[in-house]
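Glad you stopped by with your questions. Let's take a look at the model together.

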Amino acid sequence: MSIIVDYNKVEVDRAERMVLHDVTFRIEEGEFCYLVGRVGSGKSSLMKTMYADVPVSQGEKAEVLGFDLIGIKKKQVPYLRRAMGIVFQDFQLLQDRSAVDNLRFVLKATGWKSKDEMEQRIEEVLKAVGMENKGYKMPHELSGGEQQRIVIARALLNSPKLILADEPTGNLDPQTGYNIVKLLHQLADNGTAILMATHNLQMVEDFPARVLRCEDKKLIDA
């Protein structure tokens, strides 16, 4: 199994304040991990270091998908982000275009040129999330769960080895949230590593997987 995330003695700082210290963990290919902890415990900050939104200034090792995050150059950041999928709580879909056009926009922005290849990839990811018949709809015509499925489809476009999901069920009703988590687990079964931040401990119990906990400025591998 290849190692997707490799942190050793990393310090996470926000606005000159230490959020987490001595962070050491690995995530392997196809592994599903929950990231839990109270609000303000550092979950989102830790995730943001992984796509270089929060810089890693100290640590013995901080690698994601082969990129060295300690002192990563600005020009490398877009390539790092293209190599992963990111799913947010608040969808962040472009409201002025259909679901398919949202996906097409991302493919064009990440360097895809062939129209046929783009259409084929869009069809594949929509099918993967059970939305192959809803691609023509505008975001406001979709339910919250459907929008989140489109967001996951968007995250899958460039066949990432890692998906970071930050409270992806936070704005959804429980049943819809469960369906999204089930989908993320299926993606892990197919080889994509998933790190999902959540405060829903019942969900963690119902869909068991490895748990990483942010507590007292440390990351505990529970």
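What follows is a short exchange about cysteines and a pocket.

A note before we start: this is a predicted model, where local features need pLDDT of at least 70, side-chain atom pairs count only at pLDDT 80 or more, and totals for chains, interfaces and linings use all residues. Residues are numbered from 1 along each chain as its sequence is written, and side-chain values use heavy atoms, with hydrogens and water left out.

Q: How do you know that Cys33 is in no disulfide?
A: A disulfide is a pair of cysteine sulfur atoms within 2.5 Å. The cysteine sulfur nearest to Cys33 belongs to Cys214 and is 12 Å away, so Cys33 does not fit that rule. By this rule the count comes to zero disulfides.

Q: Why is Cys33 called buried?
A: Buried means under 20% relative accessible area, exposed over 50%, and partly exposed in between, with a 1.4 Å probe and protein chains only. Cys33 has 0%, so the word buried applies.

Q: What makes Cys214 buried?
A: Its relative accessible area is 3%, which puts Cys214 in the buried class.

Q: What makes up the lining of the largest pocket, by residue class?
A: Eleven residues are nonpolar, five polar and three charged. Here Ala, Val, Leu, Ile, Met, Phe, Trp, Tyr, Cys and Pro count as nonpolar, Asp, Glu, Lys and Arg as charged, and the others, Gly among them, as polar.
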